[in-house]
Amino acid sequence: MTRMLVRLRPVVQATRTADGLHLRGWASSCTLSGGSGLWKVWQRVAPQLEAGIPRASLEVPEDTAPAVRAAVSLILEQLWEHDMLVEMPSWGADTPAPEVAAWLESAATEPVEAWRRLRAATMVVAGRGALEDAAVGAAEAVGLKVQRSDGNRELVVSAGDLVVVAGCGTDVGYVLPPTVGLSSVNTEVTMRIAARLGVTGEPPEILATLIGSAAVHRLVCAVAGLPDPAAELATGTYPMALVAHADPLTATYHPLLQGAPPSDPWQALEALTDHELGPVDTPEFGPLPQVPANLATSGDALGIGTTADSARLNAALNALKTDGVIGIDEAHARGAALRLAARHHRGEPADAHEWTSDPTAHRWWKALTARFGIPAVVRTERLAPGVHKAEISNGQRVLAWAVEATAADAVAFAALAATGYAQAGRTGTAHLNGAAPLRPADHPDWVTRQWHWPADVRDREERLQQAIAMLPGVRIRPLRLDPELRAAGLRAYR
């Protein structure tokens, strides 16, 4: 029967503190407090754990001083809790190179089994030039069997059903996450990534080495059953791609818009506007004034909001060019489309007192007319019970419009939109609506109608949409979006 030993993972480092010690492992750390004696106990325990000790021998003898027993127990408890110990048999005759053994002992749940999987695999490398050579060299350095195959400019490394695709140019390169089966490699995705990053020309040796080695690293981890290198950085449900630049030499992970969208639409916004791989320009605040409204731009598109997040969202959606109306979720898209369909409907004039006493509407009306000196007039109409429209004009053209459940909401959104345009120095007709979701942090319990955004507007959204849909001639239909945008949870209507 193979003898199992508990070992301290080689990656673990310890630092003495004034009241104990600090331990750092592969993916976590902890600080133990309890007096200077903890460090002395660590100095006695660590060498035994580094050499390996049977689990039964971890028990502290009964005749040991209580303080020492408590210290040893505390250290072992924290080492186990933070995955700084590994129980494993000896390597046997087929021992990996020392640096490979140290890596597996540091990261793998079962280092010996992980090594057996690697030794049983044959890595096939298909590519050309320096990138292919770098991948072959990295695989051979681990001790794997390597087979070259005819390839194109793109690098494809595989072992069995597992595949990793990478690409590299003069200035930038990328490594995609492992997939199962060559048929799962989406050529359209790789072409889009290469075009978005500007992958052209022949790679310099240092960048080719980084990309080729990173591709092999991701494949080796997948074959050995180790966590993917990007596992700790993953956001939401999206896979992560490595992007590396040559000048300066940097490598960072970025989300790919693939698969099902996360439950939190704001995580999707981060992927949608990622500065490396996102299809929408990252919203920037730049030199834009941020008072009284928050403003952001995504390319040429302007976003307006009462918080930085709402302005970024509005800018990103405005930057998307489609034949319809886009929302960050179903309710947002449907609500925006229904409002657009009802925009030119006419109804009975609403009394001014329905909005003049509302603090939110009053704030943005005052910002537009007093702060920016816009000679504006507002017209409010009741299109149906629970459906009100506001149009703000300067006598020559409509500055902004909104359709909401109450006259106060409609004026608040129209005035906020017009204020944003005036603040940014833009011309045209502005529009905002209450269908847009708020980030949870933007809507704390203390929010009231005194706040800059009508706090309870989203609560009226479902009933409002039902009422708008009953208006004569209002018809909307869903539009099909690009797979990237659907993976971001976006929906569109016309």
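In this predicted model, two bridges join strand 22 to strand 23, the latter made of residues 491-493, and these two strands run antiparallel to one another. A residue pair that can be picked out here is Pro478 with Tyr493, since Tyr493 in strand 23 is the bridge partner of Pro478. The pairing belongs to an open sheet of three strands, whose order is 16-23-22 and whose pairing is antiparallel. The edges of this sheet are strand 16, residues 325-327, and strand 22, residues 478-479, each of which pairs on one side only.

A further example of antiparallel pairing lies at the other end of the numbering, where strand 2, residues 13-17, pairs with strand 3, residues 20-24, over five bridges. Strand 2 and strand 3 form a hairpin, with two residues between them. Within this hairpin, Thr15 has His22 of strand 3 as its bridge partner.

From the strands we can turn to the interior. In soluble globular proteins, nonpolar side chains tend to be buried together. The largest nonpolar core in this model has 43 residues, and the members that touch the most other members are Leu104, Met123, Leu155, Val157, Val175 and Ile211. Helix 7, which covers residues 205-224, gives the most to this core, with 10 residues. A second, separate core holds 32 residues, and among them are Leu368, Ile392, Ala402 and Trp453.

It helps to look at one member of the largest core in detail, and Leu155 is one of the residues there that touch the most other members. Leaving aside residues up to four places away in sequence, Leu155 touches a set of residues that includes Val125, Ala126, Leu131 and Ala135, as well as Val164, Val165, Gly212 and Ala215. Glu132 is also touched by Leu155.

The model also has open spaces that can be described by the residues around them. The largest pocket holds about 800 Å³ of space. Its lining is made of 32 residues, and those closest to the centre of the pocket are Asn314, Asn318, Val325, His431 and Asn433. Two or more lining residues come from each of strand 15 (301-305), helix 9 (308-319), strand 16, helix 10 (330-342) and strand 21 (430-431), and the largest share, five residues, comes from helix 9. Strand 16 thus appears in two parts of this account, as an edge strand of the open sheet and as a contributor to the lining of the largest pocket. Sorted by class, this lining has 19 nonpolar, nine polar and four charged residues.

The second largest pocket holds about 310 Å³ of space. It is lined by 18 residues, and Trp26, Ala27, Ala107, Pro227 and Glu232 lie nearest its centre. Helix 3 (98-107) and helix 7 are the elements that give two or more residues to this lining, and helix 3 gives the most, with three residues. The lining of the second largest pocket divides into nine nonpolar, five polar and four charged residues.

A last stop is Glu202, which sits in the loop between helix 6 (187-197) and helix 7. Glu202 counts as exposed because its relative accessibility is 52%, and a residue is called exposed when that value is over 50%. Glu202 nevertheless has contacts, for it touches Arg128, Arg153, Gly169 and Thr170, not counting residues up to four places away in sequence. Glu202 and Asp171 are 31 residues apart in sequence, while their C-alpha atoms are 8.8 Å apart in space.

Conventions
Residues are numbered from 1 along each chain as its sequence is written. This is a predicted model: local features need pLDDT of at least 70, side-chain atom pairs count only at pLDDT 80 or more; totals for chains, interfaces and linings use all residues. Side-chain values use heavy atoms; hydrogens and water are left out. Two strands pair if DSSP finds at least two bridges between them. Helices (H or I, at least four residues) and strands (E, at least two) are DSSP runs, numbered from the N terminus. A nonpolar core is a set of buried Ala, Val, Leu, Ile, Met, Phe, Trp, Tyr and Cys residues joined through side-chain atoms within 4.5 Å. Buried means under 20% relative accessible area, exposed over 50%, partly exposed in between (1.4 Å probe, protein chains only). Contact means heavy atoms within 4.5 Å. On a 1 Å grid over the protein atoms alone, a cavity is a set of points where a 1.4 Å probe fits but cannot get out, and a pocket is an open set with protein on both sides within 12 Å along at least five of seven lines; lining residues have an atom within 4 Å of a point. Grid points are joined across faces, edges and corners, and a volume is the space filled by probe spheres set on the points. Ala, Val, Leu, Ile, Met, Phe, Trp, Tyr, Cys and Pro count as nonpolar, Asp, Glu, Lys and Arg as charged, and the others, Gly among them, as polar.
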